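User: I have a model open and want to go through its elements and a few residues. Please keep the answers short.

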Amino acid sequence: MAKVFITGSSEGLGFMVGRLLAEQGHGVVLHARSQARGQATRAALPQAQAVLVGDLSTLAVMRDVAEQANAWGRFDAVIHNVGIGYREPRRIETADGLSQLWAVNVLAPYLLTALMHTPDRLVYLSSGMHTSGDPSLKDPQWSDRPWNGSQAYADTKLHDVLLALGVARRWPHVLSNALAPGWVPTRMGGPGAPDDLSQAHLTQAWLAVSDDPGARVSGGYFYHQRPKVMNPAAQNPELQNRLLDYCGDVSGVALA
């Protein structure tokens, strides 16, 4: 059985993945933004080994959560599920002077990847909206552009695919993939989302633990346990390196 850490797993898809993996007998460590959410999550899924706590919008807390995770030893798989959605009405700046949307959706997965003990598998949650993401990497945190929450979100989801594929290329010993869960009626997706919620969490679990040859690949982008056409820009090694280097500059931690 595998040991799996899932960020952003106090509710929604992250919690659904954690519950599924726990029911399958895997060791699951969850993550919540606050102590109150952590306690509620622990009560909702007592089979979980632990619930780590930290708001992954600041560098200090990203580092702290990485330390908490490392205290549990090396995980077989890490699912980077944490994220902020596409309906943010304005740009929110963190204590570090970063865009909160970008910090949570992109920098947190990057920094946890760089600081945690390297697992066998990495899974990054993206979105079908990544296909309309801006591949220029100009003003990635929307410091100068007039705010557009939907476009800013799409940009971060493209960055997540770039991150997954860049890690796959730099770390050939790790299976690193991205996926789209579909537009499903979670708190983030909204009640009118049309896709099947019962299918939305299965690909994450499959990529994290399955021995299916289709899951034991790297550098892929998936939807419902099948390869999915991705934004061609995500496959550009130069863009992958630029994003990884940018995240390293912002965080002060280079990806080895």
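User: What covers the buried residues of α6?

Analyst: This is a predicted model. In α6, seven of eight residues are buried, so the helix is mostly covered. The cover includes two elements early in the chain, β1 (3–6) and α1 (12–23). Strands further along join them, and the cover also includes β4 (77–80), β5 (121–125), β6 (175–180) and β7.

User: Which residues of α6 are buried?

Analyst: Buried means under 20% relative accessible area. By that cut-off α6 is mostly covered, with seven of its eight residues buried. They are Thr203, Gln204, Ala205, Trp206, Leu207, Ala208 and Val209.

User: Is Ser210 buried or exposed?

Analyst: Ser210 sits in the loop between α6 (202–209) and β7 (221–223). The cut-off for buried is under 20% relative accessible area. Ser210 has 17% relative accessibility, so Ser210 counts as buried.

User: Which residues is Ser210 in contact with, leaving aside neighbours within four places in sequence?

Analyst: The side chain of Ser210 has a polar atom 2.9 Å from the backbone nitrogen of Asp212. Asp212 is a sequence neighbour, and such neighbours within four places are left aside here. The contacts of Ser210 are then Arg121, Ala205, Ala215 and Arg216.

User: Which residues does Gly219 touch, not counting those up to four places away in sequence?

Analyst: Gly219 also belongs to the loop between α6 and β7. Its relative accessible area is 27%, so Gly219 is partly exposed. Beyond four places in sequence, Gly219 touches Leu165, Ala168, Ser176, Asn177 and Met230.

User: How many Å apart in space are Gly219 and Trp102, C-alpha to C-alpha?

Analyst: In sequence, Gly219 and Trp102 are 117 residues apart. In space, C-alpha to C-alpha, the value for Gly219 and Trp102 is 22 Å.

User: Is Ser251 buried or exposed?

Analyst: Ser251 is found in helix α7 (residues 237–251). Without counting neighbours within four places in sequence, Ser251 is in contact with Leu59, Arg63, Leu107, Tyr110 and Leu111. Its relative accessible area is 6%, so Ser251 is buried.

User: Which backbone atoms lie 2.8 Å and 3.2 Å from the side chain of Ser251?

Analyst: Take the 2.8 Å pair: a polar atom of the Ser251 side chain and the backbone oxygen of Cys247. At 3.2 Å, the Ser251 side chain reaches a backbone nitrogen, that of Val253. The two atoms are the oxygen of Cys247 and the nitrogen of Val253.

User: What is the relative accessible area of Asp245?

Analyst: Asp245 lies in helix α7. Asp245 and Asp96 are 149 residues apart in sequence, and their C-alpha atoms are 18 Å apart in space. Asp245 is partly exposed, and its relative accessible area is 42%.

User: Which residue other than glycine has a positive phi near 50°?

Analyst: Leu137 is not a glycine, and its phi is positive at about 60°. That residue lies in the loop between β5 and α5 (149–170), and at 15% relative accessibility Leu137 counts as buried. The loop between β7 and β8 (226–227) holds His224, which is partly exposed at 26% relative accessible area. The value near 50° belongs to His224.

User: Why is the protein as compact as a globular protein of its length?

Analyst: The secondary structure comes to seven helices and eight strands. For 256 residues the globule rule gives 18 Å. The protein is close to that, so it is as compact as a globular protein of that length, with a radius of gyration of 16 Å.

User: What percentage of the contacts with a separation of 6 or more comes from residues 24 or more positions apart?

Analyst: The C-alpha atoms fill a box of roughly 45 × 40 × 40 Å along the principal axes. Of the 256 residues, 55% are buried. For contacts with a separation of 6 or more, residues 24 or more positions apart account for 70%.

User: How many Å apart do the centres of the positive and negative side chains lie?

Analyst: The accessible surface is about 10,500 Å², and carbon and sulfur atoms hold 51% of that. The protein has 21 positive and 22 negative side chains. The centres of the two sets lie apart by 2 Å.

Methods. Residues numbered from 1 in each chain as written. Predicted model: local features only at pLDDT ≥ 70, side-chain atom pairs only at ≥ 80, totals over all residues. Heavy atoms only, no water. Helix = DSSP H or I, 4+ residues; strand = E, 2+ residues; numbered from the N terminus. Rg over C-alpha atoms; globule rule 2.2 N^0.38 Å. Buried < 20%, exposed > 50% of the residue type's maximum accessible area, 1.4 Å probe, protein only. Contact = heavy atoms within 4.5 Å. Areas by Shrake-Rupley, 256 points an atom, 1.4 Å probe, with all protein chains shown as cover. Lys, Arg positive; Asp, Glu negative; His and termini not counted. Charge placed at Lys NZ, Arg CZ, Asp CG, Glu CD. Polar contact = N/O pair within 3.5 Å; in protein donor to acceptor, adjacent residues only side chain to side chain.
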